[in-house]
Amino acid sequence: QVQLVESGGGLVQAGDSLGVSCAVSGIPFAGYTMGWFRQAPGKQREFVAYINPSGRSLNYANSVKGRFTISRDSAKNTVQLQMNTLKPEDTAVYYCAASFLARPTTTPDAFRFWGRGTQVTVSS
């Protein structure tokens, strides 16, 4: 059974930092590109970042570039998203996702497996 379980969301103030993590099981983690997406109320799910299986190729949305960092730990089958200098517009449910493509597009349909999400709320 494939499971992606996010953790670490919460309520922070603008300018703060927060890290979210995703524990992956049921798939060969080393062979999958791992990504983070987010969805704010009333908006479509949007790409945040992804990291390829080797960890050497990273891709970030322009809105988070320079503030967010994605990483993966193959020993623990986890993927992390470190979020710095958070803004109120970063408020959303953050989803972890897995793609078998080495260089997926940044659309949700390129990712096969999904977690249930974790809420991140940034107050002004």
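# Close-up views of an all-strand chain

**Figure 1. Overview of the chain.** Read along the sequence, the chain follows the pattern β-β-β-β-β-β-β-β-β-β-β. In this predicted model, the chain holds 11 strands and 0 helices. Its radius of gyration is 13 Å, close to the 14 Å that the globule rule gives for 124 residues, so the chain is as compact as a globular protein of that length. The C-alpha trace spans about 40 × 25 × 25 Å along its principal axes. Of the 124 residues, 43% are buried. Among contacts with a separation of 6 or more, 58% come from residues 24 or more positions apart. The accessible surface of the chain amounts to about 6,400 Å², and carbon and sulfur atoms contribute 48% of this area.

**Figure 2. The disulfide between Cys-22 and Cys-96.** The sulfur atoms of Cys-22 and Cys-96 lie 2.2 Å apart and form a disulfide. This falls within the cut-off of 2.5 Å for a pair of cysteine sulfur atoms, and by this rule the count comes to 1 disulfide. Cys-22 belongs to strand β3 (residues 18–25) and Cys-96 to strand β9 (residues 92–99), so the pair ties together parts that are 74 residues apart in sequence. The torsion about the S-S bond is about -80°, so the disulfide is left-handed. Both Cys-22 and Cys-96 are buried.

**Figure 3. The four-stranded sheet.** Strands in the order β1-β3-β8-β7 make up an open sheet of 4 strands with antiparallel pairing. At the edges stand β1 (3–7) and β7 (68–73), each with a single partner strand, so one side of each is left without a neighbour in the sheet. From one strand to the next, the twist averages 15°. Strands of a sheet pair through backbone hydrogen bonds, either parallel or antiparallel.

**Figure 4. Bridges across the sheet.** Antiparallel pairing of β1 with β3 extends over 5 bridges. Here Ser-7 stands opposite Ser-21 in β3. Strands β3 and β8 are antiparallel and are joined by 6 bridges. The bridge partner of Ser-21 in β8 is Gln-80. Another 6 bridges join β7 to strand β8 (residues 78–83), again in the antiparallel sense. In that pairing, Gln-80 in β8 stands opposite Ser-71. The row of residues can thus be followed from Ser-7 to Ser-21, from Ser-21 to Gln-80, and from Gln-80 to Ser-71.

**Figure 5. The two faces of edge strand β7.** Side chains alternate along β7. Phe-68, Ile-70 and Arg-72 point to one face and are buried. Thr-69, Ser-71 and Asp-73 point to the other face and are not buried.

**Figure 6. Surroundings of Val-79.** Val-79 is found in strand β8. Its relative accessibility is 0%, and Val-79 therefore counts as buried. Leaving aside neighbours within four places in sequence, the residues in contact with Val-79 include Val-20, Ser-21 and Cys-22. Ile-70, Ser-71 and Arg-72 are also among its contacts, and Ile-70 and Arg-72 are buried residues of β7. The list further includes Phe-29, Met-34, Trp-36 and Ile-51. Cys-96 is in contact with Val-79 as well, so both cysteines of the disulfide appear among the contacts of Val-79. Arg-67 lies 12 residues from Val-79 in sequence, and their C-alpha atoms are 17 Å apart in space.

**Figure 7. Asn-77 in the hairpin of β7 and β8.** The hairpin of β7 and β8 has 4 residues between the strands. Asn-77 is found in the loop between these strands. Its phi is near 55°, a positive value in a residue other than glycine. Most residues other than glycine have a negative phi. With a relative accessible area of 24%, Asn-77 is partly exposed.

**Figure 8. Thr-85 in the loop after β8.** Thr-85 lies in the loop between β8 and β9. Although Thr-85 is not a glycine, its phi is positive, at about 45°. Thr-85 is partly exposed, with a relative accessible area of 45%.

Note on methods:
Residues are numbered from 1 along each chain as its sequence is written. This is a predicted model: local features need pLDDT of at least 70, side-chain atom pairs count only at pLDDT 80 or more; totals for chains, interfaces and linings use all residues. Side-chain values use heavy atoms; hydrogens and water are left out. Helices (H or I, at least four residues) and strands (E, at least two) are DSSP runs, numbered from the N terminus. Buried means under 20% relative accessible area, exposed over 50%, partly exposed in between (1.4 Å probe, protein chains only). Two strands pair if DSSP finds at least two bridges between them. Axes are lines fitted to C-alpha atoms, for helices over the stretch in contact, and angles run from 0 to 180 degrees between N-to-C directions. The radius of gyration is taken over C-alpha atoms; the globule rule is 2.2 Å times the number of residues to the power 0.38. Contact means heavy atoms within 4.5 Å. Accessible areas come from the Shrake-Rupley method with a 1.4 Å probe; for residues, only the protein chains shown count as cover.
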